Amino acid sequence: MLAFGIAAFASTVGHFAAAIVALFAAARMAAPLSAAAACAALAAAGLTLRDGAWGSDDVGMPVAALVLALVGGALLWVACANRRESAPAPTRAAGAALAVCTLLSWLGLFSSGFDAVRLHQAARAWPAAAVFSMACASFLAFDRRRRARAGALGAVLAALLLAAAGSEAFLEAFSSDPFVSAAGPFSIRTLSLRRLTGFSVPYRATSIHLSPRGRSIAVVSENEDEETTYHLGRAGARLTPFDADDVVFLDDDRALLVELGQSNGAIVREVAISDASAVVAERRIDDVIDARLSFDAASKTWTLLGHTRERHIVRVAGRGVDDAVEEQRWTVPRDLAPRTSTISSSERAALVMDTRYGGNLLPSMMMWQMTPLVGMPPTESVVWSVGARGATERAHARLDLRCVSAGASGTTSLCAAFDGVHTRLSRLEGDEHVMPLGQLAGRVYLYDASSAPDWATAWWKRGAVLLRLSTREAFEIADAASRQVRALTVTDAVIGALTFGNGETTVHLYSRP
């Protein structure tokens, strides 16, 4: 009965290796197999608690881990009490099967490489290696032969080293990855803000943009063909729809839109915002297939940053749509071009990121087939500075890295590196090195950065949050209707939020603290 209990609770916490060993013990009652199942349960419980069960929103996880440890301890006591009983002959066959499982798990463990980051990632992706090793150690400990007991000691040491390799302390101590740092955690706060206004829109919105003082608004919707519509106007008044792919506010009365896909080019339109917003000027930019806009309020300069069909970089900057503009085109090396995505730019160069999957010792097709069991194959990202003098490597990350433009000017970058447990936030600016900002438990998905300096917005856990970078604070918005906040934006004076409920989208505007 204890073995079946271990199988059930081990499955609950996601440690199926411990469940397999427990089923071995249930099928063939013998002291060595009972000890193997007990120690597998204790290892699984310890790994669950190491991996942040106490900090998870699911209160059942730490409880299940503690129960698993108690049941494992009880079964270990039973096994020790019965250790003098002779084991039936088939027990050795079960021990051989356990050894095979251990060997296979270790092969999977080292399939991604041998450096500190890959070992850390593998230790978390393949916890079965530590669990099976502890099970083997316990099985061998019940063998009276000296060689078997020496093997048991080696298996215990291997399991303990592997458990240590999966810890955050190991990653920070031994990794040379520039996006791994010991920066402190963000503190989590819930904001109860003064509500300025709120109104519903008759479509499912995906994001929201605000003018500097919050007088004007752009609400973004998307149809089934993933075509976006930007609804512009005064906050709370009638909104005018425009087909577009990005927007940036110049002030409370003017906005720029960019529409792509127009005969292999982009059209930048200036819109005068009023009760009936309308286009007052436009400019065509040839040979651009994807682009986004930014605006530097200090220099009153707008910038379009995008790619050509050959994946070379295009940067166009100007003060007015009708005025003279400065257009720069930088060549991306041919071996990088198919995989790069632009992050941010300055007058001298653009930051691009090259991300690739793989670096695995197992056949690539095998790894993709095993994705449901062990997660995505490891990624490797390189941030390049591309300008008139070519491409220069700025940073090399072996974590899962995502970067967005930080700040309305589009000249700096905010990066989120996920290590399997925490997301580590860093800033890239000018020619500086990676500057760590802090970390949040779990995966954080950055939105394109807000127009307010020192602020960013992101999706974290089950909703949108505001991030104040200098103080390491993450803010959740307490909505009066108790609806989940799906999107946020922040300006110098106003915070905008989108909530969904009862089949409609509601726009909320709050005074910024």
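These legends go with a handful of close-up views of a predicted model.

**View 1. The four-stranded open sheet, β11 to β14.** Four strands line up here in the order β11-β12-β13-β14, and the pairing is antiparallel. At the edges sit β11 (290-296) and β14, each of which pairs on one side only. On average, neighbouring strands of this sheet are turned by 15° against each other, direction ignored. As a reminder, strands of a sheet pair through backbone hydrogen bonds, in either the parallel or the antiparallel sense.

**View 2. Zooming in on the β12 and β13 pair.** Strand β12 covers residues 301-307 and pairs with β13 in the antiparallel sense over six bridges. If you want a spot to get your bearings, look for W302, which stands opposite G318 in β13. Keep W302 in mind, as this residue is also one of the contacts of V321.

**View 3. V321, tucked into a loop.** Follow the chain out of β13 (313-318) and, before you get to β14 (325-330), you pass through the loop that holds V321. Is V321 buried or exposed? Its relative accessibility is 1%, so V321 counts as buried; the cut-off for that label is under 20%. Who is around it? Leaving aside neighbours within four places in sequence, V321 is in contact with L256, V268, E270, A281, E282, R283 and W302. Take L256 from that list: 65 residues separate L256 and V321 in sequence, yet their C-alpha atoms are 8.6 Å apart in space.

**View 4. Strand β20, covered on both faces.** How many of the seven residues of β20 (412-418) are buried? The count is seven of seven, so by the under-20% cut-off the strand is mostly covered. One side carries T412, L414, A416 and F418, the other carries S413, C415 and A417, and all of these are buried. Next door, β19 (residues 400-406) pairs with β20 in the antiparallel sense over seven bridges. To match up the two strands, find D400, which stands opposite F418 in β20.

**View 5. A salt bridge with one buried and one partly exposed partner: R145 and D143.** The structure holds 20 salt bridges, and this view shows one of them, where the side chains of R145 and D143 meet at 2.7 Å, N to O. R145 has 49% relative accessibility and therefore counts as partly exposed. D143 comes in at 14% relative accessible area, so this residue is buried.

**View 6. The E473 and R468 salt bridge.** Here the side chains of E473 and R468 meet, with 2.9 Å from N to O. E473 counts as buried because its relative accessibility is 12%. R468 has a relative accessible area of 21%, which means it is partly exposed. Elsewhere, salt bridges that share partners join E168, E172, D419 and R424 into one network.

**View 7. D419 and R424, a buried salt bridge pair.** Within that network, D419 forms a salt bridge with R424, and the closest N and O atoms are 2.9 Å apart. Are these two partners buried or exposed? D419 has 3% relative accessibility, so D419 counts as buried. R424 is at 2%, so R424 counts as buried too.

Definitions and conventions: Residues numbered from 1 in each chain as written. Predicted model: local features only at pLDDT ≥ 70, side-chain atom pairs only at ≥ 80, totals over all residues. Heavy atoms only, no water. Buried < 20%, exposed > 50% of the residue type's maximum accessible area, 1.4 Å probe, protein only. Contact = heavy atoms within 4.5 Å. Pairing = 2+ DSSP bridges. Axes fitted to C-alpha atoms, helices over the stretch in contact; angles between N-to-C directions. Salt bridge = Lys/Arg side-chain N within 4 Å of Asp/Glu carboxyl O.
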